[in-house]
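Visitor: I am new to this structure and would like a close look at one part of it. Please take the salt bridges, and then show me what else surrounds them in the chain.

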Amino acid sequence: MADDYLVRIGKLIRVARQHRGWTQTQLADALATSQSAVNRIERGNQNISLEMIARIGEALDSEIVSLGYAGPMHLRVVGGRRLSGAIDVKTSKNACVALLCASLLNKGRTVLRRVARIEEVYRLLEVLNSIGVRTRWINDGKDLEIAPGADVDMAAIDASAARRTRSIIMFLGPLLHRLDNFKLPYAGGCDLGTRTIEPHMIALRRFGLEITATEGLYHAQVERGAAPDRPIVLTERGDTVTENALLAAARSDGVTVIRNASSNYMVQDLCFFLEALGVRVDGVGTTTLTVHGVPEIDVDVDYSPSEDPVEAMSLLAAAVVTESELTIRRVPVEFMEIELAVLEEMGLDHDRGAEYTADNGRTRLVDLTVRPSKLEAPIDKIHPMPFPGLNIDNVPFFAAIAAVAQGQTLIHDWVYDNRAIYLTDLNRLGGRLQLLDPHRVLVEGPTRWRAAEMMCPPALRPAVVVLLAMMAAEGTSVLRNVYVINRGYEELAERLNSVGAQIEIFRDI
């Protein structure tokens, strides 16, 4: 193997190790080798076999640590096992990605505590690093430090990473304060059908941002001195459009009023973070936000995003479909109250502990114990609404829950074009779901789950729903190409195994 290839492979390994937040010693322990050997590998001074490259890729959970490609990750699930014990909810995926985008507002050092170690975060870090933002994992990889440079080089942007995340759209709000013109790749992420960015454009145009879209790029031009002269009324009460408007307003000198704003969990976390930056936000938790912008932000800030209510719902659904008794700790209950009310009407047996406060000092948490329950289908249809309604991202989990309930449940997933279609993948596992139209599914329960081998749906929440059904199905199932799950969940298989699941991670050789 030529020396230059050894150096290139060593660099790939070093970058993957640092992304995972590991030291050379930790990687050496995982490989049953020495720290000095890892050091030689990373410097390109060590001959390395294909077997060792594969082992390193497995240890670092990285698809780049191989001869350019290590193959997709799959899950082998031995189902029919009961879960038990307790499991903690991780920090919010959607809050973490919003705060990474918001760090571009700050010239000072930002530290985010217990950041979700997920592919969506890794993609944004790759983009930030490519444009000149310095990031590093600290405190044994638990926390993330971000230090934006004086300038950002958008010409050097990692377009491949940017196109793999829809969160890249939230770069528009911060960048309009830093650059007069720039290009941004089209947003990617889950395959959920057509999702227009026009609401973002309508809101950001008031701050002087004009966008033209050609050849896979948004071309942004900023008119300096523009500022909203009346309240901004969002044309949809979306989470990311509200966040983009907040990010633009944060450094707009003066007062900006945003109406029809989302008051969802990630928006609230962003508001709390902006307050830590010195930006006053009135009306947090309501649909009218008043932002007192400051033209320059240069502070060292330390912030802890709150826990993820959608992950909490995922874990609750895992307990329900496997008929298990499971305690789910650190549940952000104020963002799950409608879901719990619906489940109570269906017959869910559960207890809630006393409320306590999240590390951000604001969000209310509880510990929730779920027990095996005899569920009945709800009388009314299951449908999402903007907060404080049933969370849009929690709707798919009701497909799996309804499948174990007695009777018929109508699920109306009106927000996305394709997501309801993916829920019918449960039929491969014994479910009885009838697609009425692209947005409505009729679920018949109870279900006798059966094992199957199948490809992962290309949408995050339906993919996890399929995994949960496999956990309930007697026998061995295989779920192939689970990158989409890793976009939104940190070590989900390992954590479910810690409470009694039997899920093996493997790759094609």
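**Salt bridges and their setting**

Guide: Glu-504 and Arg-76 form a salt bridge, with 2.8 Å between the closest N and O atoms. This pair links distant parts of the chain, since Glu-504 belongs to strand 23 (residues 503–507) and Arg-76 to strand 1 (residues 73–79), 428 residues apart. Glu-504 has a relative accessibility of 40% and therefore counts as partly exposed. Arg-76 also counts as partly exposed, because its relative accessibility is 28%. The model is a predicted one, and a search of the whole structure finds 37 salt bridges in it.

Another of these pairs is Arg-17 with Glu-42, where the closest N and O atoms are 2.5 Å apart. Here too, distant parts of the chain are linked: Arg-17 is in helix 1 (residues 3–20) and Glu-42 is in helix 3 (residues 35–42), with their positions 25 residues apart. Arg-17 has a relative accessible area of 8%, so it is buried, the cut-off being under 20%. Glu-42 is buried as well, with a relative accessible area of 4%.

A third pair stays within one helix. Glu-126 forms a salt bridge with Arg-123, and their closest N and O atoms are 2.8 Å apart. Both residues lie in helix 6 (residues 119–130), and the 3 residues that separate them amount to about one turn of the helix. The two partners are classed in separate ways: Glu-126 is partly exposed at 24% relative accessibility, whereas Arg-123 is buried at 8%.

Salt bridges can also join into a network. Arg-114, Glu-307, Arg-330 and Asp-359 are linked in this way.

Next comes helix 12, which covers residues 309–321. Helix 12 has 13 residues and reaches 18 Å from its first C-alpha to its last, close to the 18 Å expected at 1.5 Å a residue. Of its 13 residues, 13 are buried, so helix 12 is largely enclosed by the rest of the structure. Its N-terminal end is capped by Asp-308, which has a side-chain oxygen 2.9 Å from the backbone nitrogen of Val-310. After helix 12 comes Glu-323, which has a positive phi, near 55 degrees.

The last stop is a sheet further along the chain. It is an open sheet of 3 strands in the order 18-20-19, and the pairing is antiparallel. Strand 18 (407–412) and strand 19 (432–437) stand at the edges with a single partner strand each, so one side of each has no neighbour in the sheet. From one strand to the next, the twist averages 20 degrees. Strand 19 and strand 20 (residues 440–445) run antiparallel and are joined by 5 bridges. Within this pairing, Leu-433 has Val-443 in strand 20 as its bridge partner. Helix 14 (residues 395–403) lies across strand 18, strand 19 and strand 20, and runs at about 25 degrees to strand 20.

Note on methods
Residues numbered from 1 in each chain as written. Predicted model: local features only at pLDDT ≥ 70, side-chain atom pairs only at ≥ 80, totals over all residues. Heavy atoms only, no water. Helix = DSSP H or I, 4+ residues; strand = E, 2+ residues; numbered from the N terminus. Expected span 1.5 Å × (residues − 1). Buried < 20%, exposed > 50% of the residue type's maximum accessible area, 1.4 Å probe, protein only. Polar contact = N/O pair within 3.5 Å; in protein donor to acceptor, adjacent residues only side chain to side chain. Salt bridge = Lys/Arg side-chain N within 4 Å of Asp/Glu carboxyl O. Pairing = 2+ DSSP bridges. Axes fitted to C-alpha atoms, helices over the stretch in contact; angles between N-to-C directions. Contact = heavy atoms within 4.5 Å.
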